[in-house]
Amino acid sequence: MHSLPTAGESADGVLSRLNELKKSDGVVEVAYLWKNALDPTAYPSLGRFERDVTAIAASHLRGDAVGSFTSGGTESLMLAVKTMRDWARAEKGISRPNFVMPVTAHPAFMKASHYLDVEVRRVPVDQNLRADVPAIEAAIDDSTAMLVGSSPGYSFGVIDPIPEIAALAASRGLLCHVDACIGGWLLPLFRELGADVPPFDFEVDGVTSISVDFHKYALCAKGASCLLFRDPALRRYQFFSFVGWPGYVLLNSTIQSTKSGGPLASAWAVLHHIGHDGYLEIARHIYDATQAIVEEVHGIDGARVVAEPDASLIAVATDVDAFAVSDAMGRRGWRHFPQLSYEDLPRSIHLTVLPGNVERVGEWAAALRESIDEVAAAPEPTGLAAVKSAVKSMDLDSLSFDQLDQLLDMAGIDPLADSDGPSMAEMNDLLDSLPPAVCAKVLTLFLDRMTRPSQS
Ligand SMILES: Cc1ncc(COP(=O)(O)O)c(C=O)c1O
């Protein structure tokens with residue numbers, strides 16, 4: 001399976017320095033894997049690593065900020081929402097605060113809303129797929145405590161108008177969180193390379209917190225992100241402590257309590273090993289590859305980028321079914337995340353451009369051309385036709401989990417079966433035809449099936 005330059009696993013084998021890095025990173029990670037990062041007084045080196053990596057991230061984002069190391073973008077965003085909730089209760093007297101974000105913000109915010117029982121108000125994006133600031137403003141009420149923008153959003157790779165969102169937040173005394181989980185490491189490097197990167201970091205007045213993941217474009221091992229706050233006083237609401245029991249003093253900065261020191265130690269090692277010059281070189285490869293891919297797509301009949309990307313994420317829509325194209329690309333060794341349609345936005349395939357392999361962009365584009373031709377010439381798949389037509393006549397919203405489970409049986413969807421079931425394209429097509437809430441239930445059932453103990 002080719003891993004580059006599109007959505008793939010890692011940068012292995014791309015730059016020789018990364019190969020070298022993998023070894024040293026691995027050594028550090030293993031050394032700390034069994035150490036408990038619960039208590040930085042027990043392992044002072046882990047406390048030092050955390051202070052170092054968050055300071056590096058803060059200076060990368062041009063801020064004199066404080067931060068915490070977390071296990072990933074989702075945890076960083078959940079903590080941003082928890083901080084907002086507790087700040088609003090304590091300092092604004094809002095018992096049930098809400099926050100406002102564009103529909104393109106990452107679903108980790110929905111998860112935070114769900115887990116923390118905090119209302120989220122989602123507003124449409126403008127015609128360029130960026131946050132619509134007047135729509136955000138219209139959604140604010142007396143209980144609103146935070147506005148959110150992404151830099152960039154995952155789906156289409158465009159950056160929300162952060163200065164406008166932050167100015168609106170500041171004018172109303174609200175927090176402003178920038179989700180730079182996927183772009184926050186790369187974009188400052190793109191700027192340094194001369195790209196026109198819209199402002200999004202702590203240089204922007206009114207931005208109160210930023211999340212940035214080390215395990216994405218800083219190429220660290222998985223389990224590495226951070227949440228930064230401009231004002232240390234705000235971060236105190238992120239923490240949790242409890243002593244009202246007969247056991248140890250519980251004092252946590254993150255959701256996890258006992259946690260491996262491995263990801264933090266290896267992130268520290270990777271950041272120092274690659275260093276600024278190394279990251280700049282990697283960013284140049286990614287930038288060049290992104291531009292080259294976009295140019296190739298512009299030249300392919302029946303394909304288009306959904307938005308001109310601001311960073312290194314690209315959504316490609318196709319005249320023929322994008323899900324079938326995704327499968328056809330997979331057969332050629334290129335794996336992409338298919339993205340479901342959303343209101344009037346089309347289905348697409350998603351590319352996360354990784355370093356190197358810029359010379360393989362032509363090969364990728366040839367595979368896309370062939371895939372589009374193959375899908376155009378192929379008959380419509382009919383494997384799930386009966387299920388799709390049955391679904392049309394059902395009142396889906398009223399179906400219970402058990403009834404939906406029967407639907408999966410009817411569709412022959414068994415994630416653990418060896419025999420060929422419906423293709424991914426057909427399954428995605430079925431999912432895309434369901435109302436989002438029903439689709440979410442079906443996916444829950446799918447995961448339930450996938451994670452049951454095997455019978456043999
Ligand atoms: C913009 C953005 N925010 C948050 C996340 C969630 O990050 P994680 O998968 O590390 O939890 C992602 C993941 O791709 C993302 O792209």
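Visitor: What makes the order of the seven strands in the open sheet readable, and which pairing do they have?

Guide: The strands of this open sheet follow the order 1-7-6-5-4-2-3, and their pairing is mixed. Strands are DSSP runs of E with at least two residues and helices are runs of H or I with at least four, both numbered from the N terminus. This is a predicted model, in which local features need pLDDT of at least 70 and side-chain atom pairs count only at pLDDT 80 or more, while totals for chains, interfaces and linings use all residues. Residues are numbered from 1 along each chain as its sequence is written, and side-chain values use heavy atoms, with hydrogens and water left out.

Visitor: Why are strand 1 and strand 3 called edge strands?

Guide: Strand 1 (66–70) and strand 3 each pair on one side only. From one strand to the next in this seven-stranded sheet, the twist averages 20 degrees, an angle that runs from 0 to 180 degrees between the N-to-C directions of lines fitted to C-alpha atoms.

Visitor: How do you know that strand 2 is joined to strand 4?

Guide: Two strands pair if DSSP finds at least two bridges between them, and three bridges join strand 2 (residues 98–102) to strand 4, so this parallel couple meets the requirement. One bridge sets Asn98 against Thr144 in strand 4.

Visitor: What makes strand 10 and strand 12 edges of the sheet of four strands?

Guide: That open sheet has the order 10-11-13-12, with antiparallel pairing. Strand 10 (303–305) and strand 12 (337–339) each have a single partner strand, so one side of each is left without a neighbour in the sheet. The twist averages 35 degrees from one strand to the next. Strand 12 is joined by three bridges to strand 13 (residues 348–352), the two running antiparallel, and Pro338 stands opposite Ile349 in strand 13.

Visitor: How do you know which residues surround the ligand?

Guide: A residue is counted as near if one of its heavy atoms lies within 4 Å of the molecule, and 13 residues surround the ligand, the closest being Gly73, Thr74, Asp179, His215 and Lys216. Helix 3 (residues 73–92) gives the most to this shell, with three residues.

Visitor: Why is the Asp213 distance to the ligand still called a polar contact?

Guide: A polar contact is a pair of N or O atoms within 3.5 Å, and an N or O atom in the side chain of Asp213 is 3.5 Å from an oxygen atom of the ligand, so this pair falls at the limit and counts. Polar side-chain atoms of Thr74 and Lys216 also face ligand oxygen atoms, that of Thr74 at 2.6 Å and that of Lys216 at 2.8 Å. Taken alone the ligand exposes 390 Å², of which the protein buries 83%, with areas computed by the Shrake-Rupley method using a 1.4 Å probe.

Visitor: Why is the aromatic pair of Phe49 and Trp268 called tilted?

Guide: Rings of Phe, Tyr and Trp (its six-membered ring) pair if their centres lie within 6.5 Å, and planes under 30 degrees apart count as stacked, over 60 as edge-to-face and the rest as tilted. Phe49 and Trp268 are 4.8 Å apart centre to centre with 35 degrees between the planes, so the pair is tilted. Phe49 lies in helix 2 (residues 44–60) and Trp268 in helix 9 (residues 262–298), so the pair ties together parts that are 219 residues apart in sequence. The structure holds eight aromatic pairs.

Visitor: What is the peptide bond from Ser151 to Pro152 called, and what is its omega?

Guide: The bond from Ser151 to Pro152 is cis, with omega near -10 degrees, and Pro152 is found in the loop between strand 4 (144–150) and helix 6 (162–171).

Note on methods:
Polar contact = N/O pair within 3.5 Å; in protein donor to acceptor, adjacent residues only side chain to side chain.
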